Amino acid sequence: MEKNLLEYKGQLTSEVRIQLLDLLNCIALFNLGQRSDLKKLVGIALELLDNAQRYNASNDVDFQWRIQDDTLIVSISNTANQSDAQRLVDCVRTISQMNEEQLTAAFKDQMLNQGFGEKGGAGLGMLQIARKGGRRITADIEPASNDLFRCTSQVTTSLKRA
């Protein structure tokens with residue numbers, strides 16, 4: 001395994017998520033050193049893992065954290081029902097068209113919104129990722145089986161210091 005790559009394929013539980021985050025913190029610290037934005041970078045992975053666990057129809061995920069040159073690429077694939085998959089794509093599409101002010105306003109609106117469903121569903125996770133610097137967010141879905149879809153989310157962010 002490359003020292004700047006973490007791949008995980010398997011069941012995603014709360015315990016596994018905690019272990020992955022501990023490992024990511026070590027990998028990030030080793031490869032990026034002491035940085036003021038280290039917590040934000042690992043937070044991007046946390047949000048993707050949290051969303052995948054919340055909306056996963058099978059509990060299986062395919063997760064990858066990769067540092068490539070001066071770029072962090074975090075991706076995750078999971079299976080979801082059609083409405084959750086479509087909501088992911090719609091949310092990412094909307095966020096990709098927002099500027100910083102719109103992002104902040106949308107985040108505040110969602111925080112004040114009392115209309116969260118049982119699994120959330122307000123788009124806060126993706127808004128939080130965008131606010132943490134993951135402005136290049138993509139989401140793709142493709143039919144898997146029955147009414148399930150394979151969802152793949154990817155966040156790419158620059159590691160260059162401002």
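Let me start at the loop between β2, residues 60–68, and β3, where aspartate 69 lies. This is a predicted model, so please take the angles that follow as computed values. Aspartate 69 has a positive phi of about 55°, although it is not a glycine. Most residues other than glycine have a negative phi. Aspartate 69 is also exposed, at 73% relative accessibility.

A second residue of this kind sits further along. Asparagine 146 is in the loop between β4 and β5. Its phi is near 50°, again a positive value in a residue other than glycine. Is asparagine 146 buried or exposed? With a relative accessible area of 78%, asparagine 146 counts as exposed, because the cut-off for that is over 50%.

There is a glycine to mention as well. Glycine 133, just after α5, takes a positive phi of about 105°.

Now to strand β3. The strand covers residues 71–81, and serine 77 is found in it. Isoleucine 76 lies in β3 too. Isoleucine 76 has 2% relative accessibility, so it counts as buried. Serine 77 is buried as well, with a relative accessible area of 11%; the limit for buried is under 20%.

What is isoleucine 76 in contact with, once its neighbours within four places in sequence are left aside? The partners are Leu48, Leu49, Ala52, Val61, Asp62, Phe63, Cys151, Thr152 and Ser153. Leu48, Leu49 and Ala52 have numbers that fall in helix α2, residues 38–55. Isoleucine 76 and glutamine 154 are 78 residues apart in sequence, while their C-alpha atoms are 6.6 Å apart in space.

For serine 77, with the same neighbours in sequence set aside, the contacts are Asp60, Val61, Asp62, Arg150, Cys151 and Thr152. One of these partners, threonine 152, also makes a polar contact with serine 77: their side chains are joined at 2.8 Å.

Next, helix α5, which runs over residues 124–131. Which of its residues are buried? They are Gly125, Met126, Leu127, Ile129 and Ala130. The buried residues of α5 pack against three helices, namely α2, α3 (82–96) and α4 (100–112). They also pack against two strands, β4 (136–145) and β5 (148–158).

Last, the chain as a whole. The protein chain has 5 helices and 5 strands. Along the sequence, the order is β-α-α-β-β-α-α-α-β-β. The radius of gyration is 15 Å, close to the 15 Å that the globule rule gives for 162 residues, so the chain is as compact as a globular protein of that length. Along the principal axes, the C-alpha atoms fill a box of roughly 40 × 40 × 25 Å.

Of the 162 residues, 45% are buried. Among contacts with a separation of 6 or more, 65% are between residues 24 or more positions apart. On the surface side, the chain exposes about 9200 Å², and carbon and sulfur atoms supply 47% of that area. As for charge, there are 19 positive and 20 negative side chains. The centres of the two sets lie 6 Å apart.

Note on methods:
Residues numbered from 1 in each chain as written. Predicted model: local features only at pLDDT ≥ 70, side-chain atom pairs only at ≥ 80, totals over all residues. Heavy atoms only, no water. Helix = DSSP H or I, 4+ residues; strand = E, 2+ residues; numbered from the N terminus. Buried < 20%, exposed > 50% of the residue type's maximum accessible area, 1.4 Å probe, protein only. Polar contact = N/O pair within 3.5 Å; in protein donor to acceptor, adjacent residues only side chain to side chain. Contact = heavy atoms within 4.5 Å. Rg over C-alpha atoms; globule rule 2.2 N^0.38 Å. Areas by Shrake-Rupley, 256 points an atom, 1.4 Å probe, with all protein chains shown as cover. Lys, Arg positive; Asp, Glu negative; His and termini not counted. Charge placed at Lys NZ, Arg CZ, Asp CG, Glu CD.
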